[in-house]
Amino acid sequence: MSLAGALWFAVQDDLFTNGLCSNSSSPSISNIAPDKQSSVSEPTSASETHSVLDELDDCLISQTLPFNRRCLRFIVDFIQARLKKDVFAAGHSLTSAEANILATLACYAQGSLSGKITDRLGIDQTAAGEAVKTITKLLADTSPDFITFPNSYNDRMGAAQAFKNLSGIPHVVGVLGYLHVKVSPPLGEEHMYMNALGYHSVMMQVVFDMDGNLLSLEQCCPGGTPEHTVWEKSDIGRQFCIFQHGHAWVVDGMIS
């Protein structure tokens, strides 16, 4: 089962904000499913402008970007529309914005921003590094539009039916997991970030459905934090404790 790409959009904000990004490789990002969320309208493609994405060959995309071309076009157009409205001044071209977006996605996938990528996209590496922070913050701010738990009875029963068809277990609406992302821990706090797998990390608690769509995402915490503590303190954990979601429940899994 794959995780939705929105997970990484949200994770990166905590990593950059707290200075915990390392140069180690990050796990791959699976394809996002834009049609899943009816509350977010797909932006109009900027096909009438010069497209950096169209100039990239399929080999480079498969090696550096963990999305197919169609998903990349959706993501680029969505972010580009927001950047044009909220961030970039009139002097910034859509071409440079598109290149910076692709550089940011490559940075998420590879764990660092290489000169090979920025050279291929025709942008300055230092400027691209600043763009990564800006785009990451924007994506983190928009993640609630994509990450939603099924709050209505009908939505929960629809999710539960998919699990029952596969496993025969009733009333399961999601899988609970903990994603560990390798980091360089703050000095003097190394023990807090050492996880049970033997490396330093931050961890994210996630709940996702049968299709890999994120239903819940909690903020980063040190990788050494006990999982039951994260669950008990999380918003979604408290909601289940008071039966806010009825008799639905989630099953525990493991993501690393």
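Phe74, Phe78 and Phe146 form a single aromatic cluster in this predicted model. Four aromatic pairs occur in the structure. One of them joins Phe78 and Phe146 in an edge-to-face arrangement, with the ring centres 5.4 Å apart and 85° between the planes. Because Phe78 belongs to helix 4 and Phe146 to helix 7, this pair ties together parts that are 68 residues apart in sequence. Both Phe78 and Phe146 are buried. Another edge-to-face pair consists of Phe149 and Phe240, at 5.8 Å centre to centre and with 90° between the planes. Phe149 is placed in the loop between helix 7 and helix 8 (153-167), and Phe240 in helix 11 (residues 235-241), so the parts tied together by this pair are 91 residues apart in sequence. Phe149 and Phe240 are likewise buried.

The protein chain as a whole contains 11 helices and five strands. It has 256 residues, of which 48% count as buried. The exposed area of the chain is about 12900 Å², and carbon and sulfur atoms supply 51% of that area. Of the contacts between residues at least 6 apart in sequence, 67% join residues at least 24 apart.

The largest nonpolar core comprises 34 residues, and Leu56, Leu65, Leu72, Ile79, Leu102, Leu105 and Leu121 are those with the most contacts inside it. At least two residues of this core come from each of helix 2 (52-55), helix 3 (58-64), helix 4 (69-86), helix 5 (94-110), helix 6 (115-121) and helix 7 (125-146). Apart from residues up to four places away in sequence, Leu65 touches Leu56, Leu60, Leu72, Leu102, Leu105 and Ala106. A second core, separate from this one, has 16 residues, including Leu176, Leu215, Val230 and Ile236.

Three members of the second core, Leu176, Val230 and Ile236, are among the residues in contact with Gln205. Gln205 lies in strand 2 (residues 201-208) and counts as buried because its relative accessibility is 1%. The side chain of Gln205 makes polar contacts with the side chain of Tyr178 at 2.9 Å and with the side chain of Ser234 at 3.1 Å. With neighbours within four places in sequence left aside, the contacts of Gln205 also include Gly177, Ser216, Leu217, Glu218 and Trp231.

Asp77 is a further polar residue considered here; it is found in helix 4. Asp77 has a relative accessibility of 5% and therefore counts as buried. The C-alpha atoms of Asp77 and Ile101 are 9.6 Å apart in space, with the two positions 24 residues apart in sequence numbering. Ser112, by contrast, is in the loop between helix 5 and helix 6. At 27% relative accessibility, Ser112 counts as partly exposed. A C-alpha separation of 9.5 Å is found for Ser112 and Gly129, which are 17 residues apart along the chain.

The count of disulfides is zero. Of the cysteines, Cys59 counts as partly exposed, at 44% relative accessibility, whereas Cys71 is buried, with a relative accessible area of 9%.

Methods: Residues numbered from 1 in each chain as written. Predicted model: local features only at pLDDT ≥ 70, side-chain atom pairs only at ≥ 80, totals over all residues. Heavy atoms only, no water. Helix = DSSP H or I, 4+ residues; strand = E, 2+ residues; numbered from the N terminus. Buried < 20%, exposed > 50% of the residue type's maximum accessible area, 1.4 Å probe, protein only. Polar contact = N/O pair within 3.5 Å; in protein donor to acceptor, adjacent residues only side chain to side chain. Contact = heavy atoms within 4.5 Å. Areas by Shrake-Rupley, 256 points an atom, 1.4 Å probe, with all protein chains shown as cover. Core = buried A, V, L, I, M, F, W, Y, C linked by side-chain atoms within 4.5 Å. Disulfide = S-S within 2.5 Å. Phe/Tyr/Trp six-rings, centres within 6.5 Å; stacked < 30°, edge-to-face > 60°.
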